[in-house]
Amino acid sequence: MIVFSISFVGLLCISAPITVALGGCALAYALIHGGMPITTLIQTIFGGLATFPLLAIPLFMLAGNLMNAGGITPDLVRFARLLLGHINGGLGHATILACAIFAAISGSAVATAVAIGLVMIPAMKKAGYEEDVGAALVATAGCLGPVIPPSIPFIIYGVTANVSIAALFLGGVLPGTLMAVSLMVYMAYVAKTRNYPRDPKASFKEIMSAAWKAIPALFMPILIMGGILSGMFTPTEAAGVTVLYSALVGAFVYRKLTIKGLPKILLSSGLESGMVMLLIAMSEPFSWIVAVDQIPQMLVGYISALTTSPWMVLLLVNVFLILLGIPMETAPALVIVTPVLAPIAVVLGIDPVHLGVVICLNLVLGLVTPPVGAVLFAVCGTGNMSLERLSKAIWPPFLVTLVVLAIVTYVPWLSTFLPRLLLGR
């Protein structure tokens with residue numbers, strides 16, 4: 001285990017890709033162990049990938065790219081702006097609402113922040129909002145992407161921890177809604193103190209007209225969750241249905257999706273999916289070794305010597321994950337911590353759905369934590385802003401999301417109510 005740990009940390013320290021670090025430390029363990037054939041590692045890798053729910057990851061990624069290329073963003077933003085633009089901080093509220101809706105389509109924080117930021121950052125600047133305030137709001141609201149279903153991190157956690165993906169999707173609804181509402185409260189306060197302008201109030205007819213144009217995009221989350229909850233299809237089958245729906249809507253309703261543009265969309269989706277799937281594949285021998293050597297049990301014993309309170313354990317988990325999320329992306333962090341934390345939660349009586357929401361929300365917030373958050377880099381490029389300036393502006397909305405994280409952590413009902421109500425879990 002010393003060789004296993006040192007090789008993993010050493011490979012990370014020399015900037016080896018996380019997939020190489022995961023596979024390399026497992027290989028080092030097998031060579032030192034002596035009694036473990038290398039073929040066992042290979043079989044573990046392929047066995048981990050041969051899981052039906054993992055098909056949802058490339059399919060949801062493809063569906064999000066198809067809808068984005070199909071031209072849904074302008075209609076979503078227009079609907080949100082007409083609905084909320086007239087109230088205090090209306091453009092900020094419209095940004096948050098547009099991010100929440102787009103999150104339910106893409107499942108990606110970076111995609112959500114870029115798609116909405118391209119439209120809303122210039123619009124807020126033109127209306128009199130400080131550019132860094134608008135960019136920070138887009139970056140933070142973009143983190144709704146992996147929290148509101150469908151969520152790629154929830155799928156990874158569900159497969160790794162053997163937890164129902166449908167339950168995780170439902171578990172993310174109320175925390176995601178709370179996060180959006182909290183950001184709106186923050187934006188209303190900022191708008192009032194800085195006297196930001198408001199849009200003219202739209203007529204009911206204008207709002208209904210915008211809603212009608214946005215219906216194809218608004219219907220997608222209903223299609224996904226409605227189909228899963230009604231028993232018509234599994235989350236993986238829902239992803240396939242979503243791809244077909246996205247292609248038809250983009251080609252025949254919005255008419256922005258063309259045959260000529262498909263190769264680029266397929267290539268982009270394939271590259272994104274390949275990175276995630278390779279990461280999951282190389283995490284399988286890592287997880288297997290962690291389980292075989294009973295690392296979670298050893299940690300349970302160590303933690304029990306410190307405290308037996310689940311609340312204190314959750315506090316320690318939160319601090320650890322926030323720090324881990326700063327240098328590491330969500331997906332690799334998930335595949336590393338889930339095999340260790342999930343068994344600990346079972347022993348301490350923490351609901352696995354609740355733990356999954358807490359872990360994913362923690363790691364997602366790492367995407368906007370200076371100085372290396374992926375969403376920060378994406379928004380800097382979108383808004384043509386320096387990383388230093390955005391890093392300073394991100395802290396107020398980021399602190400709001402930390403308060404939401406604390407509430408979600410210590411009010412398990414937010415994560416478990418809908419799964420228990422609708423799935424009987």
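How big is the volume of the largest pocket? It comes to about 1200 Å³. Keep in mind through all the views below that this is a predicted model.

**Figure 1. The whole chain is built from helices.** There are 22 helices here and zero strands. The radius of gyration is 22 Å, close to the 22 Å that the globule rule gives for 425 residues, so the chain is as compact as a globular protein of that length. Put a box around the C-alpha atoms along the principal axes and you need roughly 75 × 50 × 45 Å. Of the 425 residues, 56% count as buried. Among contacts with a separation of 6 or more, 78% link residues that sit 24 or more positions apart. As for the outside, the accessible surface is about 18100 Å², and carbon and sulfur atoms own 71% of that.

**Figure 2. A look into the largest pocket.** This is the space of about 1200 Å³ from the opening question. A total of 44 residues line the pocket, and those nearest its centre are Met 61, Ser 108, Val 110, Val 276 and Glu 329. Which helix hands over the largest share of the lining? That would be H14, with eight residues. Plenty of other helices chip in with at least two residues each, including H2 (18-33), H4 (56-69), H6 (90-106), H7 (109-127) and H9 (152-161). H17 also belongs to that group. Sorted by class, the lining holds 29 nonpolar, twelve polar and three charged residues.

**Figure 3. The largest cavity, lined by nonpolar residues.** The count gives one cavity of 30 Å³ or more, and the volume of the largest cavity is about 30 Å³. Its lining is made up of Val 313, Val 317, Leu 341, Ile 344, Ala 345, Ile 350 and Leu 355. What classes do these residues fall into? Seven are nonpolar, with no polar and no charged residues in the lining. Helices H16 (310-325) and H17 (330-348) each bring at least two of the lining residues. H17 gives the most, with three.

**Figure 4. Thr 401 and its surroundings in helix H21.** Thr 401 sits in H21, which covers residues 395-410. Is Thr 401 buried or exposed? Its relative accessibility is 2%, so Thr 401 counts as buried. Skip the residues up to four places away in sequence, and Thr 401 touches Thr 140, Met 179, Leu 183 and Leu 365.

**Figure 5. Thr 242, a buried residue of helix H13.** Thr 242 is part of H13, which runs over residues 235-253. With a relative accessible area of 1%, it falls under the 20% cut-off, so Thr 242 is buried. Which residues does Thr 242 contact, once its neighbours within four places in sequence are left aside? They are Phe 60, Ala 63, Met 220 and Ile 224. Leu 66 is also worth finding in this view: Thr 242 and Leu 66 are 176 residues apart along the chain, yet their C-alpha atoms are separated by 9.8 Å.

**Figure 6. Ser 287 in helix H14.** Ser 287 belongs to H14, the helix that gives the largest share of the pocket lining. Ser 287 counts as buried because its relative accessibility is 14%. Not counting residues up to four places away in sequence, Ser 287 touches Val 335 and Pro 339. Now look for Arg 389: it is 102 residues from Ser 287 in sequence, and 39 Å away in space, C-alpha to C-alpha.

**Figure 7. Backbone details in three loops.** Start with Pro 149 and Pro 150, which are joined by a cis peptide bond with omega at about 0°. Pro 150 is in the loop between H8 (131-142) and H9. Next comes Asn 195, in the loop between H11 (173-194) and H12 (204-230). Its phi is near 55°, a positive value in a residue other than glycine. Asn 195 has 65% relative accessibility, so it counts as exposed. Finally, Arg 255 lies in the loop between H13 and H14. What is the phi of Arg 255? Phi is about 60° there, a positive value although Arg 255 is not a glycine. Arg 255 is exposed, with a relative accessible area of 66%.

Technical notes. Residues are numbered from 1 along each chain as its sequence is written. This is a predicted model: local features need pLDDT of at least 70, side-chain atom pairs count only at pLDDT 80 or more; totals for chains, interfaces and linings use all residues. Side-chain values use heavy atoms; hydrogens and water are left out. On a 1 Å grid over the protein atoms alone, a cavity is a set of points where a 1.4 Å probe fits but cannot get out, and a pocket is an open set with protein on both sides within 12 Å along at least five of seven lines; lining residues have an atom within 4 Å of a point. Grid points are joined across faces, edges and corners, and a volume is the space filled by probe spheres set on the points. Helices (H or I, at least four residues) and strands (E, at least two) are DSSP runs, numbered from the N terminus. Ala, Val, Leu, Ile, Met, Phe, Trp, Tyr, Cys and Pro count as nonpolar, Asp, Glu, Lys and Arg as charged, and the others, Gly among them, as polar. The radius of gyration is taken over C-alpha atoms; the globule rule is 2.2 Å times the number of residues to the power 0.38. Buried means under 20% relative accessible area, exposed over 50%, partly exposed in between (1.4 Å probe, protein chains only). Contact means heavy atoms within 4.5 Å. Accessible areas come from the Shrake-Rupley method with a 1.4 Å probe; for residues, only the protein chains shown count as cover.
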